[in-house]
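These are my notebook entries from a session spent with one protein model. I looked up the strands, the nonpolar cores, the aromatic rings and one loop residue.

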Amino acid sequence: MQYKGIIFDFNGTLFWDSEKHLEAWREFSKRVRPYAFTDDEMREYMFGRTNEDILAYLIGRRPEPELVEKLGSEKEAVYRQMCKDDEANTRLAPYAVEFLDYLKENNILRTIATMSNKANVDFYIEQFNLANWFDIDKIVYDDKTIKGKPAPDIYEIAAAKLNLKPQDCIVVEDALSGIEAARAANIGKIVAIASMDPVDLYTGIPAVTEVITDFSDFEKIMDKSPVPV
């Protein structure tokens with residue numbers, strides 16, 4: 001099948017920052033309860049979720065907007081400082097630049113669908129010069145109106161931003177909740193990238209068509225037959 005566009009999750013996908021988010025959320029989880037997030041909790045309840053969803057899991061109820069804003073903003077500020085302090089590792093994923101150049105040169109539609117908030121997305125746009133590859137107005141992020149993954153909304157919106165049907169799109173994801181969101185959105189092909197977790201985590205998921213470890217295999221991702229526009 002020929003696909004007409006590609007939608008990237010960002011964190012843990014185009015930018016391998018999962019460890020920084022883990023460290024920041026572990027610190028904040030200890031402020032709310034007596035112990036830090038476990039790795040299993042991170043995988044199940046954090047990756048691909050909104051700050052509101054994560055805090056709701058932590059405190060066992062839907063948090064007040066003021067609490068979400070306060071704790072979420074504090075956590076994200078800590079995270080962004082971690083990125084700035086670790087300049088050597090604050091770069092796009094291996095072969096991501098080459099793959100994005102390939103998509104741009106071949107006029108293949110593309111965008112980002114991330115549950116990061118606007119402050120983080122603005123940081124990424126500047127830090128990684130994302131305007132070189134993406135129409136900034138088509139990036140979908142947590143604007144406080146979109147349901148968090150695993151709800152399909154973010155991928156349905158991203159496909160619509162590209163003027164495509166979800167089944168005509170490829171999604172690249174690392175989070176289990178994101179994979180489920182893409183499946184529920186009826187995305188045509190789901191590519192899992194094993195940026196932090198082992199490949200085996202993804203191979204048994206029926207919705208996943210391909211598992212990659214970086215962006216070097218362009219043809220594997222695109223099924224060797226991208227449709228230019």
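The entries below follow the order in which I looked things up.

**Entry 1. The model**

I note at the outset that this is a predicted model.

**Entry 2. The strands**

I began with strand E2, which covers residues 109-117. I asked whether this strand is enclosed or open to the outside. Eight of its nine residues are buried, so I recorded E2 as largely enclosed by the rest of the structure.

I then looked up the pairing partners of E2. Strand E1, residues 5-8, runs parallel to E2 and is joined to it by four bridges. Within this pairing, I found Phe8 opposite Ile112 of E2. Strand E3, residues 140-142, also pairs with E2 in the parallel sense, here over two bridges. I noted Val140 in E3 as the bridge partner of Ala113. To pass from E2 to E3, the chain goes through helix H6, residues 118-128, and I recorded this β-α-β crossover as right-handed.

**Entry 3. The nonpolar cores**

In soluble globular proteins, nonpolar side chains tend to be buried together. I therefore searched for nonpolar cores, with that tendency in mind.

The largest nonpolar core has 36 residues. I asked which of them touch the most other members. They are Ile6, Phe8, Phe10, Leu14, Phe99 and Phe215. Several elements give two or more residues to this core, including E1, H6, helix H4 (65-85) and helix H10 (218-222). The largest share, five residues, comes from H6.

I followed Ile6 further. Leaving out residues up to four places away in sequence, I found that Ile6 touches, among others, Phe99, Leu103, Leu109, Ile170, Val172 and Ile221. A second, separate core of 24 residues includes Ile7, Ala113, Cys169 and Ala181. I noted that Ile6 belongs to the largest core, whereas Ile7 belongs to the second one.

**Entry 4. The aromatic rings**

My search of the whole structure gave 16 aromatic pairs. One of them joins Phe10 and Phe15, with 6.3 Å from centre to centre and 55 degrees between the planes, and I entered this pair as tilted. Phe10 has a relative accessibility of 1% and Phe15 one of 0%; both fall under the 20% cut-off, so I counted both as buried.

Next I examined Phe99 and Tyr102. Their ring centres are 6.2 Å apart and their planes lie at 15 degrees, so I entered the pair as stacked. Why are Phe99 and Tyr102 separated by about one helical turn? Both lie in helix H5, residues 96-105, and they are three residues apart there. Phe99 is buried as well, at 0% relative accessible area.

I also recorded one aromatic cluster, formed by Phe8, Phe99, Tyr102, Phe134, Phe215 and Phe218. A charge over a ring was a further item: the charged end of Lys75 sits over the ring of Tyr79, 5.4 Å from the ring centre.

**Entry 5. A loop residue**

Finally I looked up Met196, which lies in the loop between strand E5 (189-193) and helix H9 (200-203). At 32% relative accessibility, I counted Met196 as partly exposed. I asked which residues Met196 is in contact with, leaving aside neighbours within four places in sequence. They are Ser18, Glu19, Leu22 and Phe47. As a last distance, I noted 27 Å between the C-alpha atoms of Met196 and Ile108, which are 88 residues apart along the chain.

Methods
Residues are numbered from 1 along each chain as its sequence is written. This is a predicted model: local features need pLDDT of at least 70, side-chain atom pairs count only at pLDDT 80 or more; totals for chains, interfaces and linings use all residues. Side-chain values use heavy atoms; hydrogens and water are left out. Rings of Phe, Tyr and Trp (its six-membered ring) pair if their centres lie within 6.5 Å; planes under 30 degrees apart count as stacked, over 60 as edge-to-face and the rest as tilted. Buried means under 20% relative accessible area, exposed over 50%, partly exposed in between (1.4 Å probe, protein chains only). A charge sits over a ring if NZ of Lys or CZ of Arg is within 6 Å of the ring centre and within 35 degrees of the ring normal. Two strands pair if DSSP finds at least two bridges between them. A crossover is right-handed if, with the strands pointing away from the viewer, the path from the first strand over the helix to the second runs clockwise. Contact means heavy atoms within 4.5 Å. A nonpolar core is a set of buried Ala, Val, Leu, Ile, Met, Phe, Trp, Tyr and Cys residues joined through side-chain atoms within 4.5 Å.
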